[in-house]
Amino acid sequence: MKRAHRLDQVQPSLTLAITAKAAAMKAEGADIVSFGAGEPDFSTPASVVEAAKRALDEGRTKYTPVAGLPALRAGIAQWYGREFGVEVSSDEVIVGVGGKQVIYNALMSMIDPGDKVLIPAPYWLSYPAMVHLCGGESVFVETQAADEFLVTPEALERALTSSGASALILNSPCNPTGQAYRAAQLTALAEVLRRHEDVVVIWDNIYAHLTYGGFRHTELVSVAPDLRPRIVTTCGFSKSFSMTGWRLGFAIASAERIKAMTTIQSHSTSNATSFAQYGALAALDLKHADLESMRAKFERRRQVMLDGLSQVPGVSYVPPKGAFYVLVDCASYFGGDDVALAKHLLEEGHVATIPGAAFGAPGCLRLSFALDEASIRKGIERIGQVLSRCEQTR
Ligand SMILES: Cc1ncc(COP(=O)(O)O)c(C=O)c1O
């Protein structure tokens, strides 16, 4: 088979091997607890489903403008202003097929072959793959648990200066760490960015509404409005609205950047699915109270997971402020081989976890708390039992 060279550095996701094995064991009747989920386990809110059904009944099944229904672009602009106090106009919004696609289109619109893109590690595993597919080169900036896995201004300054990167991807709250930047930390990072005038920032805030322990999300543009022309904010309906399968994301950026992304999108997917966009319009009308029950459930599950993990010997973690993941440092087991550990936990404890190596976090496991409390308790107990039989090597 002829295989393009661009595939050479893009591995099929490491996570797939574990989840496929877990699925096969489940199919054979094993009682598997899966901490692998990257999506909420709640139904999409009924009003959103109804709106999409209505759109189908009304025959709204044709192409829409490439960048999205004008009403949806305007709705997102208003919603963003309401949520974050930043005024946005519809020509600064593009709707695409998921947060993933808008990030990809953003990179496609700004990266030339050989350009460097700075990515703090641990990172969402699709960023480096996307950078590579665009012909760019990822440069990772390691972060520390002691800094809550957030990039410090000093590290950012050093990395930008030494790499000459033309773009930076920031993800807050972050998958896989669950950590998020406070306003003061963003102000300090903005100070660095002002010294690097040509650097474009992709600001992925897809988990902005899923925060815990009283933490309040801050937008980068809110603390640094002067940097707005070079910030591309990417978001989507998947996580906070429980709409992963709808494939709807959006970006907010300068009208010029949005035009460039629209050109890219016009030659790949064109518009996001028409009737899904009508559903999204209804999602924007949901009140905070309508979404709060999902967030509150995540908050309780997070606590159950942290309580359970506190009883497991030899592991450590930084309690997440957002998203629905805990990154657990298990480096004292299996000589830090997280892939071997995940395999062992699946085989011996019937618990599926995601090896941290996939996210630039070797020695760690990512545990999602997008599952019910009883399963979380059961799964963490099993992890504790399996690890209590393993030798600690550190
Ligand atoms: C950090 C982050 N950004 C973006 C996405 C993209 O989500 P979607 O394409 O479903 O909108 C995900 C999904 O897992 C994610 O974790």
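**Two domains, two helices and a ligand shell**

In this predicted model, 30 residues of domain 1 are in contact with 32 residues of domain 2.

Visitor: What makes residues of domain 1 and domain 2 count as being in contact?

Guide: Two residues are in contact if their C-beta atoms, placed from the backbone, lie within 7 Å, and by that cut-off 30 residues on the side of domain 1 meet 32 on the side of domain 2. Domain 1 is made of 5-43 + 289-388, while domain 2 covers 62-285, and their C-alpha centres lie 25 Å apart.

Visitor: Which element supplies the largest share of the side of domain 1 that touches domain 2?

Guide: That share, 6 residues, comes from α11; α11 (288-309) and β10 (325-329) each supply at least two residues there. Divided by class, this side of domain 1 has 16 nonpolar, 6 polar and 8 charged residues.

Visitor: Why is α12 called roughly perpendicular to α13?

Guide: Helix α12 (residues 338-349) and α13 pack at an angle of about 105 degrees, with their axes 10 Å apart. Angles of 65 to 115 degrees count as roughly perpendicular, and the angle of about 105 degrees falls in that range, so α12 is described as roughly perpendicular to α13.

Visitor: Which residues meet where α12 packs with α13?

Guide: From α12 come H344, L345, E348 and G349, and these meet R382, I383, Q385 and V386 of α13. By class, this contact has 3 nonpolar, 3 polar and 2 charged residues.

Visitor: Why is E381 called partly exposed?

Guide: E381 has its place in helix α13, residues 373-388. A residue is buried if 20 or more other C-beta atoms lie within 10 Å of its own and exposed if 12 or fewer; E381 has 16 within that distance, a count in between, and is therefore partly exposed.

Visitor: How far apart in sequence and in space are E381 and E347?

Guide: E381 and E347 are separated by 34 residues in sequence and by 15 Å in space, taken from C-alpha to C-alpha.

Visitor: Which residues come nearest to the ligand, and which helix gives the most to the shell around the ligand?

Guide: Of the 13 residues around the ligand, those that come nearest are G98, G99, K100, G236 and S238. Helix α4 (residues 98-110) gives the most to the shell, with 3 residues.

Visitor: How do the residues of the shell around the ligand divide by class?

Guide: The shell has 2 nonpolar, 9 polar and 2 charged residues, where Gly counts among the polar ones.

How values were computed
Residues numbered from 1 in each chain as written. Predicted model: local features only at pLDDT ≥ 70, side-chain atom pairs only at ≥ 80, totals over all residues. Helix = DSSP H or I, 4+ residues; strand = E, 2+ residues; numbered from the N terminus. Axes fitted to C-alpha atoms, helices over the stretch in contact; angles between N-to-C directions. Parallel < 35°, antiparallel > 145°, perpendicular 65-115°, else oblique. Near = placed C-beta within 6 Å. Domains from an automatic or database assignment.
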